[in-house]
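Welcome! Let's look at this model together and ask how each description of it is justified.

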Amino acid sequence: MTFIRALAGACLASLCGFVAPAKAQTYPTRSITMIVPFAAGGPTDVISRIVTSHMAQTLGQSIIIENVVGAGGTTATTRAARATNDGYTLITGHMGTHAASVPLYPKLAYHPEKDFEPVALLAGTPILILARKDFPPKDLKEFVTYVKANSEKVNAAHAGIGSVSHVSCELLHSILDIKPVGVPFNGTGPAMNALVAGQVDYICDQIVNAVPQINAGTIKAYAIATPERNPSLPNVPTTAEAGLPGFQAQAWNAMFAPKGTSPAIIASLNAAAIKALDDETVKKRLLELGSVIPVPKDRTPEALAALVKSEIAKWTPVLKPAS
Ligand code: MLT
């Protein structure tokens, strides 16, 4: 009798739609790929490695960095947009791949807002005007005079059309009304190597890439394009102090997942990223490199979505060729 009653109970329960809770989905159950759209050793790569090395501890799975280069980061970003949205392929995008590229690539194969789920802002990265050690101008005022007088002869290194280094110097060049030669690299890691070797004249690069070289005395830093000096470079004047207040530029690097990645996975990744940004060792490394660590209100996926929207709106009129 007991068996039948138990069976009846089970049937009744199933008829009432009671379903035992499925085994809670666990994520991640295997290693995660983090695509970095530029060459190893550049600012996006360095920030990605610092943050994901901590995230991997929290998530209990390794996070493998895959550097995919080309077309100012849009090659990698297109690949990430098309990746399976299962949480196992992510990308570190930035002001270039997820904002400036929209006006610069009319046939861009992705849209930053439609094809990605924002996960978390990782670091703000002030821009500096940097030059090879033996570039003749000794300060920003002399730099402005020199590049205006020699604009056909000087060259500016960058990481491809639409990259932060390209777009930041485009802004500088529009202010100075010059059109120097651009020298593209697969990232500002290799571009910095060329600058240190004296093979290119100057670059507008993110602070993360500049601090080690400035401290080593291998390059010149004319100014930082933010209203305040950066604690990691107390002796580098702001562009305003150096006589070019109109040149203000700060980039950012952030984590994205393909559109349709589940909210639970996004929440898990966002929590791990926030935990990394609150870790003393991670904070110390990012701050030493001049990063601006996002404040709590700026760490949510919603805040990142708003940033992407506002940055596209900001850069489109600046970069879109006058129609
Ligand atoms: C890099 O990591 O190489 C830079 O973020 C490229 C760039 O200038 O956008």
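Q: Which cavity is the space taken by the ligand?
A: In this predicted model, the ligand takes up the space of the largest cavity. A cavity is a set of points where a 1.4 Å probe fits but cannot get out, so the word "cavity" here stands for an enclosed space, as opposed to an open pocket.

Q: How much of the ligand's accessible area does the protein cover, and what makes Thr44 a polar contact of the ligand?
A: A polar side-chain atom of Thr44 lies 2.8 Å from an oxygen atom of the ligand. The cut-off for a polar contact is 3.5 Å, so this pair counts. As for cover, the protein hides 100% of the 270 Å² of accessible area that the ligand has on its own.

Q: What puts His94 and Val164 on the list of polar contacts too?
A: For His94, a polar side-chain atom is 2.7 Å from a ligand oxygen atom. For Val164, a polar backbone atom is 2.7 Å from an oxygen atom of the ligand. Both values fall within 3.5 Å, so both pairs qualify.

Q: How do you know which parts of the protein form the shell around the ligand?
A: Helix H2 (43-59) and helix H6 (164-176) each supply at least two of its residues. Domain 1 (32-124 + 252-322) and domain 2 (126-242) each give at least three.

Q: How many residues of the shell are nonpolar, polar or charged?
A: Four are nonpolar, eight are polar and none is charged. Gly counts as polar in this scheme, and the residues around the ligand include Gly42 and Gly187.

Q: Why is the peptide bond between Tyr27 and Pro28 called cis?
A: Its omega is about -5°, and the bond is listed as cis. Most peptide bonds are trans. Pro28 sits in the loop between helix H1 (2-15) and strand E1 (32-36).

Terms used. Residues are numbered from 1 along each chain as its sequence is written. This is a predicted model: local features need pLDDT of at least 70, side-chain atom pairs count only at pLDDT 80 or more; totals for chains, interfaces and linings use all residues. Side-chain values use heavy atoms; hydrogens and water are left out. A residue is near a molecule or strand if one of its heavy atoms lies within 4 Å of it. A polar contact is a pair of N or O atoms within 3.5 Å; within protein, one must be able to donate a hydrogen and the other to accept it, and residues adjacent in sequence count only if both atoms are side-chain atoms. Accessible areas come from the Shrake-Rupley method with a 1.4 Å probe; for residues, only the protein chains shown count as cover. On a 1 Å grid over the protein atoms alone, a cavity is a set of points where a 1.4 Å probe fits but cannot get out, and a pocket is an open set with protein on both sides within 12 Å along at least five of seven lines; lining residues have an atom within 4 Å of a point. A molecule sits in a cavity or pocket if more than half of its atoms lie within 2 Å of its grid points. Helices (H or I, at least four residues) and strands (E, at least two) are DSSP runs, numbered from the N terminus. Domain bounds come from an automatic or database domain assignment.
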